[in-house]
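Me: I am new to this structure and would like to learn how to read it. Could you walk me through it, one feature at a time?

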Amino acid sequence: SLPQVTAPLLCINALDDPIAPAAGVPVTNFDENETLALVVTQSGGHLGWCDQQDSRRSKWVESVVLDFIENAIRLKETK
């Protein structure tokens, strides 16, 4: 369960996701555990954060995930 997660965990959810509705996201768990990060977007559907220029790519979500990983590694190195 989310309160017991000890490794950095990024969760990305879109408010218009028909498979994993935002109402089902346990937001309070993210407030209570500093290793968890939650990003909620207005749109994106289910895994659909595609770029407008090229619908086969999703540079936005790729850059968010890479930034999260880089910062998680930096944080671990400082501890």
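**Reading the largest pocket and its surroundings**

Reply: Happy to. Let us begin with the largest pocket, whose lining is made of Thr6, Pro8, Glu34, Thr35, Leu36, Ala37, Phe68, Ala72, Leu75, Lys76 and Lys79. Two elements give two or more residues each to this lining, namely strand 2 (36-41) and helix 2 (59-78). Please keep in mind that this is a predicted model.

Me: Which element supplies the largest share of the lining of the largest pocket?

Reply: That is helix 2, with four residues.

Me: What volume does the largest pocket have, and how do its lining residues divide by class?

Reply: Its volume is about 250 Å³. By class, six lining residues are nonpolar, two are polar and three are charged.

Me: Let me step back. How many helices and strands does the protein have, and what pattern do they follow along the sequence?

Reply: There are two helices and two strands. Reading along the sequence, you meet them in the pattern β-α-β-α.

Me: How do I read burial for the protein as a whole? What percentage of the residues count as buried?

Reply: A residue counts as buried when its relative accessible area is under 20%. Here, 24% of the 79 residues count as buried. The protein exposes about 5,900 Å², and 56% of that comes from carbon and sulfur atoms.

Me: And what share of the contacts joins residues far along the chain, 24 or more positions apart?

Reply: Among contacts with a separation of 6 or more, residues 24 or more positions apart account for 68%.

Me: Can we look at examples of that? Which residues does Phe68 touch, not counting those up to four places away in sequence?

Reply: Phe68, which has its place in helix 2, touches Pro8, Leu9, Leu10 and Ala37 on that count. Take Leu9: it is 59 residues from Phe68 along the chain, yet their C-alpha atoms are separated by 8.8 Å. Pro8 and Ala37 also appear with Phe68 in the pocket lining.

Me: Lys76 is in the lining too. Is Lys76 buried or exposed?

Reply: The cut-off for exposed is over 50% relative accessible area. Lys76 lies in helix 2, and it counts as exposed because its relative accessibility is 67%. Its C-alpha atom is 9.6 Å from that of Pro8, a residue 68 places away along the chain.

Me: Where is Asn29, and why does it count as buried?

Reply: You will find Asn29 in helix 1. Its relative accessibility is 16%, so Asn29 counts as buried. Leaving out residues up to four places away in sequence, Asn29 touches Leu2, Pro3 and Leu36.

Me: Now a residue in a loop, please. Where does Asp17 sit, and is it buried or exposed?

Reply: Asp17 has its place in the loop between strand 1 (9-14) and helix 1 (27-32). Asp17 counts as buried because its relative accessible area is 8%.

Me: What does the side chain of Asp17 reach?

Reply: It reaches the backbone nitrogen of Ile19, at 2.7 Å. Beyond its neighbours within four places in sequence, Asp17 is in contact with Gly45 and His46.

Me: Which residues could I compare in the loop between strand 2 and helix 2?

Reply: Try Trp49 and Gln42, both of which are found in that loop. Trp49 is buried, with a relative accessible area of 11%, whereas Gln42 counts as exposed at 67% relative accessibility.

Me: How would I place each of them against the rest of the chain?

Reply: Use C-alpha distances. Trp49 and Glu62 are 13 residues apart in sequence and 9.3 Å apart in space. For Gln42 and Ala14, the separation is 28 residues along the chain and 5.7 Å between C-alpha atoms. Gln42 also touches Leu15 and Asp16, again not counting residues up to four places away in sequence.

Note on methods: Residues are numbered from 1 along each chain as its sequence is written. This is a predicted model: local features need pLDDT of at least 70, side-chain atom pairs count only at pLDDT 80 or more; totals for chains, interfaces and linings use all residues. Side-chain values use heavy atoms; hydrogens and water are left out. Buried means under 20% relative accessible area, exposed over 50%, partly exposed in between (1.4 Å probe, protein chains only). Contact means heavy atoms within 4.5 Å. Accessible areas come from the Shrake-Rupley method with a 1.4 Å probe; for residues, only the protein chains shown count as cover. On a 1 Å grid over the protein atoms alone, a cavity is a set of points where a 1.4 Å probe fits but cannot get out, and a pocket is an open set with protein on both sides within 12 Å along at least five of seven lines; lining residues have an atom within 4 Å of a point. Grid points are joined across faces, edges and corners, and a volume is the space filled by probe spheres set on the points. Ala, Val, Leu, Ile, Met, Phe, Trp, Tyr, Cys and Pro count as nonpolar, Asp, Glu, Lys and Arg as charged, and the others, Gly among them, as polar. A polar contact is a pair of N or O atoms within 3.5 Å; within protein, one must be able to donate a hydrogen and the other to accept it, and residues adjacent in sequence count only if both atoms are side-chain atoms.
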